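Please open the structure in your viewer and keep the sequence beside it, so that each selection can be followed in both. The tour moves from the whole chain to single elements and then to single residues.

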Amino acid sequence: MQNPFTTTFSKIPDYTYIPTEKTDEIIENFRYDNPSESVYKITGVRGSGKTVILAKVEEEFSQKENKDKGWLVYRLTPSRNMLGQLASMLNKEKFIKNTPKSKSINLSATVLGNGGGIGLSSTENESFFDIGVELEQMLIKAAKENKKILIGIDEVSKTNDMIVFASEYGKWLRAGYPVYLVCTGLYENIEQLYNVKNLTFFRRAATIKTEPLSITRMSEMYKVRLNLDTAKAKELAMLTRGYAYAFQELGTLYFKKKEDSSLDDIVDNLKSELFAYAYEKIWEEMSTEDRALASLLVDKSEYKRDEILSLMEKPNNYSVYRDRLFKKGIIQKRQAYISLALPFFADYIKEYGMADA
């Protein structure tokens, strides 16, 4: 029997996908004739399911029913010339009957390669060619044909390509073209784009933060896919604390377990996988201040605000660091209490992080 669980980052689980309200929120909004939001930013800690939400939205609007309603779905790669990629994709659509008059776009040239740039096949004066102008003409034609264009971008960050694309997209948004954007990224990477000149729309765009998966839905998935009773399935689900990567990894380890393997053995293997493939990178990307606060949360499941304040060297900064770690998905909070959000992250900090805190 094939393992139904998926541990590869950015891969959509075929048999163990658990739907979330966040996905439904985006899809429902875009289905309206005049959606209230045109841009969604999906943030969350590594392995929390950002890419899966994006992929499910793309999948929905790629269905025949939505294609027949005029939806076109494009995934852009942020490490290459994004305007060039979009121009290439739009140029292939049948509703655009003519290629740009000033220059024809060479789809096999540098558009799809590294280093950016638009391949031009004619010998006319290239100073008259502007990719932004050509794209706008394509979008005008798309609007006349009642098309709606959904653009997906995974793992955005403050790069020149992203700034150029976002600046152009802001113009399309102000012009009212039917172009919608869903992007994912770590909180700190998306935050860096907020202060870029002319990207005010990006700051104001709706932000979707990944949340822990439902314990009930995870339990049911373990029960069905691993042939477990309700109590054992719930026990496994509780171990993951709703962290999407842990849910898939624990499912894989349990599926592959040997007959004489104990749950403790499986948990030890789970911790090793989380430490190596998620937590090491998460810890590396945290600031010194973030690490210091997280290191104060390792001995109990939950801490009261006053407890943490008494342990901090600079307690006046507590709210700043707490809110930043919450937005990154590293801690969770309720009223005057905070705690680490990720399963066994306290163990990682105690074993590998204390020297860096």
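**The whole chain**

Begin with the chain as a cartoon, in which 16 helices and eight strands can be found. Bear in mind throughout that this is a predicted model. If you colour the chain by burial, 48% of its 357 residues count as buried. Among contacts between residues at least 6 apart in sequence, 70% join residues at least 24 apart.

**Strand β3 and its partners**

Now select residues 148-153, which form strand β3. Six of the six residues of β3 are buried, so this strand is largely enclosed by the rest of the structure. Show the side chains, and you can follow K148, L150 and G152 pointing one way from β3, while I149, I151 and I153 point the other way.

Which strands pair with β3? Add residues 71-76, strand β2, which pairs with β3 in the parallel sense over six bridges; to look at one of these places, pick R75, whose bridge partner in β3 is G152. Then add residues 179-185, strand β4, which also pairs with β3 in the parallel sense, here over five bridges, and find L150, whose bridge partner in β4 is Y180.

**An open sheet of three strands**

Next, select β6, β8 and β7, which form an open sheet in that order, with antiparallel pairing. Look at β6 (303-304) and β7 (331-334), which stand at the edges with a single partner strand each, so one side of each is left without a neighbour in the sheet. Between β6 and β8 (residues 337-340) there are two bridges, and if you zoom in on K304 you will find that it stands opposite Y337 in β8. Before leaving the sheet, add residues 318-328, helix α15, which lies across β7 and β8 and runs at about 115 degrees to β7.

**Helix α11 and residue Q248**

Move on to residues 244-256, helix α11, whose 13 residues reach 19 Å from the first C-alpha to the last, close to the 18 Å expected at 1.5 Å a residue. Is α11 mostly covered or mostly open to the outside? Eleven of the 13 residues of α11 are buried, which leaves the helix mostly covered, and among those buried are Y245, F247, L250 and Y254. To see what does the covering, show α9 (215-225), α10 (230-240) and α12, which are included in the cover over the buried residues of α11.

Stay with α11 and select Q248, which belongs to this helix. Q248 has a relative accessible area of 7%, under the 20% cut-off, and therefore counts as buried. Leaving aside neighbours within four places in sequence, the contacts of Q248 are with F5, T6, T7, P13 and T16, so select those five residues together with Q248 to see the whole group.

**Where α12 meets α16**

For the last stop, select helix α12 (residues 263-285) and helix α16 (residues 345-353), which pack at an angle of about 75 degrees with their axes 10 Å apart. That angle makes α12 roughly perpendicular to α16. Show the side chains where the two helices meet: α12 brings K271, F275, Y279, E280, I282 and W283, and α16 brings F345, D347, Y348, I349, E351, Y352 and G353. Colouring this contact by residue type divides its residues into eight nonpolar, one polar and four charged.

Terms used:
Residues numbered from 1 in each chain as written. Predicted model: local features only at pLDDT ≥ 70, side-chain atom pairs only at ≥ 80, totals over all residues. Heavy atoms only, no water. Axes fitted to C-alpha atoms, helices over the stretch in contact; angles between N-to-C directions. Helix = DSSP H or I, 4+ residues; strand = E, 2+ residues; numbered from the N terminus. Parallel < 35°, antiparallel > 145°, perpendicular 65-115°, else oblique. Contact = heavy atoms within 4.5 Å. Nonpolar A, V, L, I, M, F, W, Y, C, P; charged D, E, K, R; others polar. Expected span 1.5 Å × (residues − 1). Buried < 20%, exposed > 50% of the residue type's maximum accessible area, 1.4 Å probe, protein only. Pairing = 2+ DSSP bridges.
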